[in-house]
Amino acid sequence: MISYFLRYEDIVLPSCYSAPVHKAERVLRTLHEGIQQKRPSEAQNAILRRHFLELTQSFIIPLERYVASLMPLLKSISPWKSPPQLKPFSQEEFMKTLEKTGPQLTSRLKGDWIGLYRHFLKSPNFDGWFRARRKEMMQKLEALQLEALCNEDLLIWVQEHTEVESVDLVLKLKNKLALAQREQLPVSAGTLQRLQGQVDIIIQEVPEDLQEILLKTSSS
């Protein structure tokens, strides 16, 4: 959790900077009353932290909502194809969403929210935040594909394809299992166990010489 070590007197912006959001008169008044009433500094800090937490949530929720819309539809995820790509982030499209789903829904603060978002989207902070969210979503897509593979009857697939294709499938599944463990994908242990079971069944269906090679590879 972010901590804010600010005094009441410090809650101002530099004179050279035009505040995109107006001051929170209510929290300033509450803090001022606390000074007059000699409220403990711990309580003052808690009030301030809660205010900034609520403000941050109001600011970030529209971004989270828009970024979530960049995920492909669940029906587009195929067990036999690479996970679909995320839609690109469009600043202008995001800005259009703010009219109906912006911070005004959860915050009483008024001001130039659009200007604040434009400033944030150009900053390194947004780049780091979006990279982390994009990685999470890509991992989710990988996890969903693993689940889709588990729901397939791979034994029937093997019986309808060549030995070479079956070997390729085993290698593909092994790589996905290794990726899931290495990247700690958001997939259940049960799903991974079922997929490993699928691999073991497929290996038993290929000739013995290939079984030995695949078993050695799977244990490496």
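1. Overall architecture. The protein chain contains nine helices and zero strands. Followed along the sequence, the pattern reads α-α-α-α-α-α-α-α-α. The model is a predicted one, and every point below should be read with that in mind. Of the 220 residues in the protein chain, 35% count as buried.

2. Helix α3, buried side. Helix α3 covers residues 91-101, and its buried residues are F94, M95 and L98. Viewed down the axis of α3, these buried residues fall within an arc of 100 degrees, so they line one face of the helix. One of them, F94, has a relative accessible area of 0% and is therefore buried. F94 in helix α3 can also be placed relative to V67: the two are 27 residues apart in sequence, and their C-alpha atoms are 8.8 Å apart in space.

3. Helix α3, opposite side. Which exposed residues does α3 carry on the face turned away from its buried side? They are K96, E99 and K100. The helix thus presents F94, M95 and L98 as buried residues, while K96, E99 and K100 are exposed on the face turned away from them.

4. Helix α4. A similar reading can be made for α4, which spans residues 113-121. The buried residues of α4 are W113, Y117, F120 and L121. Seen down the axis of α4, they fall within an arc of 95 degrees, so they line one face of the helix.

5. Link between α3 and α4. The side chains of E92 and R118 meet in a salt bridge, with an N to O distance of 3.2 Å. This pair links distant parts of the chain, as E92 belongs to helix α3 and R118 to helix α4, 26 residues apart. Are the two partners buried or exposed, or partly exposed? E92 has 42% relative accessibility and so counts as partly exposed. R118 is likewise partly exposed, because its relative accessible area is 31%.

6. Link between α2 and α5. The structure holds six salt bridges. In one of them E64 pairs with R133, and the closest N and O atoms are 2.8 Å apart. The pair joins distant parts of the chain: E64 sits in helix α2 (residues 41-68) and R133 in helix α5 (residues 124-150), with their positions 69 residues apart in the numbering. The partners differ in their exposure class: E64, at 29% relative accessibility, counts as partly exposed, whereas R133, with a relative accessible area of 15%, is buried.

7. Link between α5 and α7, and a network. E142 and K176 meet through their side chains in a salt bridge of 3.5 Å, N to O. Here too distant parts of the chain are linked, since E142 lies in helix α5 and K176 in helix α7, 34 residues apart. K176 counts as buried because its relative accessibility is 13%. Salt bridges that share partners also join E64, R133 and E136 into one network.

8. The loop between α2 and α3. P84 lies in this loop. P84 has a relative accessible area of 19% and is therefore buried, the cut-off for that class being under 20%. P84 and M138 are 54 residues apart along the chain, and their C-alpha atoms are separated by 9.1 Å.

9. Backbone at Q184. Where is Q184 found? Its place is the loop between α7 (163-183) and α8 (189-205). Q184 has a positive phi of about 50 degrees although it is not a glycine. Most residues other than glycine have a negative phi. Q184 has 68% relative accessibility and so counts as exposed.

10. Negative surface patch. Which residues gather in a patch of negative charge on the surface? The members are E163, E208, D209 and E212. Helix α9 (residues 208-219) gives the most to this patch, with three residues. E212 is one of the residues lying in helix α9.

Terms used:
Residues are numbered from 1 along each chain as its sequence is written. This is a predicted model: local features need pLDDT of at least 70, side-chain atom pairs count only at pLDDT 80 or more; totals for chains, interfaces and linings use all residues. Side-chain values use heavy atoms; hydrogens and water are left out. Patches are made of residues with over 30% relative accessible area and no salt bridge: like charges are joined within 9 Å, nonpolar side chains (Val, Leu, Ile, Met, Phe, Trp, Tyr) within 5 Å. Accessible areas come from the Shrake-Rupley method with a 1.4 Å probe; for residues, only the protein chains shown count as cover. A salt bridge is a side-chain nitrogen of Lys or Arg within 4 Å of a carboxyl oxygen of Asp or Glu. Lys and Arg count as positive and Asp and Glu as negative; His and the chain ends are not counted. The place of a charge is taken as NZ of Lys, CZ of Arg, CG of Asp or CD of Glu. Helices (H or I, at least four residues) and strands (E, at least two) are DSSP runs, numbered from the N terminus. Buried means under 20% relative accessible area, exposed over 50%, partly exposed in between (1.4 Å probe, protein chains only). The arc is that of the directions from the helix axis to the C-beta atoms.
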